[in-house]
Amino acid sequence: MSNQFLDTSIEYLKGVGPAKAELLKKELGIFTFAQLLDYYPFRYIDKSKIYKISEINSDAAFIQLKGKITQIQTIGDKRAKRMVAKFHDETGEIDLVWFKGIKWLSSSIKPNVEYIVYGKPTLFKNTYNITHPELDLVSDSLLANKITLESVYHTTEKLSAKGLNAKGIFKIQKNLTSQLRGKIIETLPFELIEKLNLISKEAAIINAHTPENEVLLQKALFRLKFEELFYLQLNLLQQKVIKAEKIKGHVFGNVGDNFNTFYKNNLAFELTDAQKRVIKEIRRDVGAGEHMNRLLQGDVGSGKTVVALLTMLIAIDNGFQTCLMAPTEILASQHYEGLMEMLEGMNVTIELLTGSVKTAKRRQIHEDLENGTLKILVGTHALLEDKVKFDNLGYVVIDEQHRFGVQQRSKLWRKGRAIPPHVLVMTATPIPRTLAMTFYGDLDISVIDELPPGRKPITTTHRFDSARMRVFGFMEEEIKKGRQIYVVYPLINESEKMDYKDLMDGFESISRRFPSPNYNISIVHGKMKPADKEYEMQRFVKGETQIMVATTVIEVGVNVPNASVMIIESAERFGLSQLHQLRGRVGRGAEQSYCILMTGNKLSSDSKLRMETMVRTNDGFEIAEVDLKLRGPGDIQGTQQSGLLNLNIADLAKDGQVLQMARNEAIEVLKKDPKLQSENNHRLVTGLDNMKRNKVNWSRIS
Ligand code: ADP
Ligand code: MG
């Protein structure tokens, strides 16, 4: 938005002037008319309905009444001093009560003149009254001006003191929107406006601030949110198009012996439809000469590993080497062993490289990598070391992506030769679609949204600490059946000492209840040496211990199919995605599995909702959506520093559908006109430029 009128300094707006303008600049960064228009309300109050006093009942929310004040009295003194006005309409009477501003009010309220009263009735000594209501003369009221929806704006103390409280800002917005006709330039292509039946930019801005009615308000908000998200997506997708043009990828043209042999002889189960679909998506990418950068999301246990392996075999069939990187040694070695097992009888070379691999072995691995005989390398960060050089790296798989940074991803890239390897990033932390579309807008996304058949859903219950004895009883029964159990304690840095104490206390009471030699218990926490940790983990993995007491170090992917119970202590202190990750440690075998969430008796409403959500569903995506709603997009892992969150009117937590639509339309536009060169799209070029400029401005301010 840029034209002379809109660039006018805010002090020249009716109702503002130099003093208020100074404050608007300081407090809200509003210098111009355009910037005031960009300052949208956060909510709207419906003031179309007038209630009768006789209609008031106990559950009334904020309401409007119309009537006259007949009597004003000041009663009580000191702190209890208050002014009470008798207010009535033709159906009854109610008290209006003020504790503050009495002096000014008592001199300005006019008896026997019609007022509109707005407030929340409360029951006091069997009669209703309204404390600190808004009071407007009917002749001044919104209704007299045919305004039924009041916009509510965030403001600050300093602004309020100068008359720019929520209502004051609404007032100056009204002064501005009443002058807007004919002054707002359209910013979306005509085709798009027609196709989606959008209202004009001008009507949208006017109605977002001063809605004519509910229908127009909704249309206005939709149009503005759509536009904001559309440009965001258009920008991301355009960058992707540019990247795809610049960066060529290896072509994996044939599916050969390794893939086919594995499919025929080694694959022990039928792939799920979701797995098949994802493999197709990957094959389409790697077969086309473009560089693949793909995020694979799939809940724990959805079978991402076999998808990785099958596609790695395609790379090998085309003469390339591959690697799989995991965030911990335990995970890397589990992957290594799992892949070895799956590849049994096949002639595919595979090695494990971690920090603890001995020098001689390490040298051998380096050599085999460089001469090309080693085809699959599994490992940890150790893969990133400069000494690790490939002959012909074509395909990289990264497991549990949020533990690795973008930098590490690009380090792996550079291990390819002239052409970077294709990259598949796998994550078991489902990211809500709306966030994925925004933060990974330049990645392609595949989703495995189906678990292999025959899995019994994990039964989750919520128990209070007072039920601990019963929980111990349940543990005993499960151990009798031959199962193993995790008991997990939170570890949060600021209260580390307390957390360790909790862990050790818990360990002691479990040890007392489950004494040796009948029972063996492992304990693992962050203060232990890696070797000791590993030893304790291995005892549990091998089944030598029945109970594993741990802090959250086990969160990441260990696989013990015989473990069927996950007990999470102080579950209220964990976030939803972490709870879901932890629960995913069980339910990997054929047995019915359980997750027990232990909490104290007093829970905040958010904690309650988290527990209820966990009990209700096993679906990671559903949980991620609730998480997003609870915490807002700013707190979702890995997104904090992103400038993408500086949305002005859209809300990623609430506007998922609009976002999806915006993305689809942006794709559509770029498909027809990848460089935005057509006459019809000239507004988009301007719009993108404006957006980028505004984003820069924004980041300078904040
Ligand atoms: P995750 O997605 O959590 O990494 P895994 O790849 O470890 O899941 O798979 C979990 C388990 O499910 C493994 O034991 C694997 O062999 C098995 N599995 C994978 N796909 C299927 C399938 N289509 N049918 C049956 N079992 C499967
Ligand atoms: Mg996995």
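**Exercise 1. The ligand site**

How far from an oxygen atom of ligand 1 does a backbone N or O atom of G303 lie? Describe the surroundings of ligand 1 in this predicted model.

*Solution.* Step 1: begin with the backbone. The distance from a backbone N or O atom of G303 to an oxygen atom of ligand 1 is 3.1 Å. For G301, a backbone N or O atom lies 2.6 Å from a ligand oxygen.

Step 2: turn to the side chains. An N or O atom in the side chain of T305 is 2.6 Å from an oxygen atom of ligand 1. With a cut-off of 3.5 Å for a polar contact, the distances for G303, G301 and T305 each qualify.

Step 3: consider the cover. On its own, ligand 1 has 570 Å² of accessible area, of which the protein covers 75%.

Step 4: list the shell. There are 15 residues around ligand 1, and Q275, G301, K304, T305 and R455 come nearest. By class, the shell comprises 4 nonpolar, 6 polar and 5 charged residues.

**Exercise 2. Helix 22 and its salt bridge**

Determine whether the end-to-end distance of helix 22 agrees or disagrees with its expected span, and identify the partner of E665 in a salt bridge.

*Solution.* Step 1: helix 22 covers residues 656-672, which is 17 residues. At 1.5 Å a residue the expected span is 24 Å, and the end C-alpha atoms are 25 Å apart, so the two values agree.

Step 2: the buried residues of this helix include V658, L659, A662, R663 and E665.

Step 3: the side chain of E665 meets that of K195 in a salt bridge, with an N to O distance of 2.9 Å. K195 belongs to helix 6 (residues 190-195) and E665 to helix 22, so the pair, 470 residues apart, links distant parts of the chain.

Step 4: compare the accessibilities with the cut-offs. K195 has 53% relative accessibility and therefore counts as exposed, the limit being over 50%. E665 has 10%, which means that this residue is buried, the limit being under 20%.

**Exercise 3. Further salt bridges**

Which residue forms a salt bridge with R277, and which residues are linked in a network of salt bridges?

*Solution.* Step 1: R277 pairs with E281, the closest N and O atoms being 3.9 Å apart. Given a cut-off of 4 Å, this distance is accepted as a salt bridge.

Step 2: both residues lie in helix 10 (residues 273-286), with a spacing of 4 residues, about one turn of the helix. R277 is partly exposed at 35% relative accessibility, whereas E281 is buried at 17%.

Step 3: R294 and D285 form another salt bridge, with a closest N and O separation of 3.0 Å. Both of these residues are buried.

Step 4: the network links K47, E134, D136, E150 and K167. The count of salt bridges comes to 27.

**Exercise 4. Backbone exceptions**

Where in the chain do the cis peptide bond before P517 and the positive phi value of N126 occur?

*Solution.* Step 1: recall the expectation. Most residues other than glycine have a negative phi, and most peptide bonds are trans.

Step 2: the peptide bond from S516 to P517 is cis, with omega near 5°. P517 lies in the loop between helix 17 (496-513) and strand 19 (521-524).

Step 3: N126 has a positive phi, near 70°. The loop that holds N126 runs between strand 6 (121-124) and strand 7 (127-131). At 74% relative accessibility, N126 is exposed.

Step 4: S570 likewise has a positive phi, near 45°. S570 is located in the loop between strand 21 (563-568) and helix 19 (576-583), and its relative accessible area of 22% makes S570 partly exposed.

Note on methods: Residues numbered from 1 in each chain as written. Chains lettered and ligands numbered in written order. Predicted model: local features only at pLDDT ≥ 70, side-chain atom pairs only at ≥ 80, totals over all residues. Heavy atoms only, no water. Near = heavy atom within 4 Å. Polar contact = N/O pair within 3.5 Å; in protein donor to acceptor, adjacent residues only side chain to side chain. Areas by Shrake-Rupley, 256 points an atom, 1.4 Å probe, with all protein chains shown as cover. Nonpolar A, V, L, I, M, F, W, Y, C, P; charged D, E, K, R; others polar. Helix = DSSP H or I, 4+ residues; strand = E, 2+ residues; numbered from the N terminus. Expected span 1.5 Å × (residues − 1). Buried < 20%, exposed > 50% of the residue type's maximum accessible area, 1.4 Å probe, protein only.
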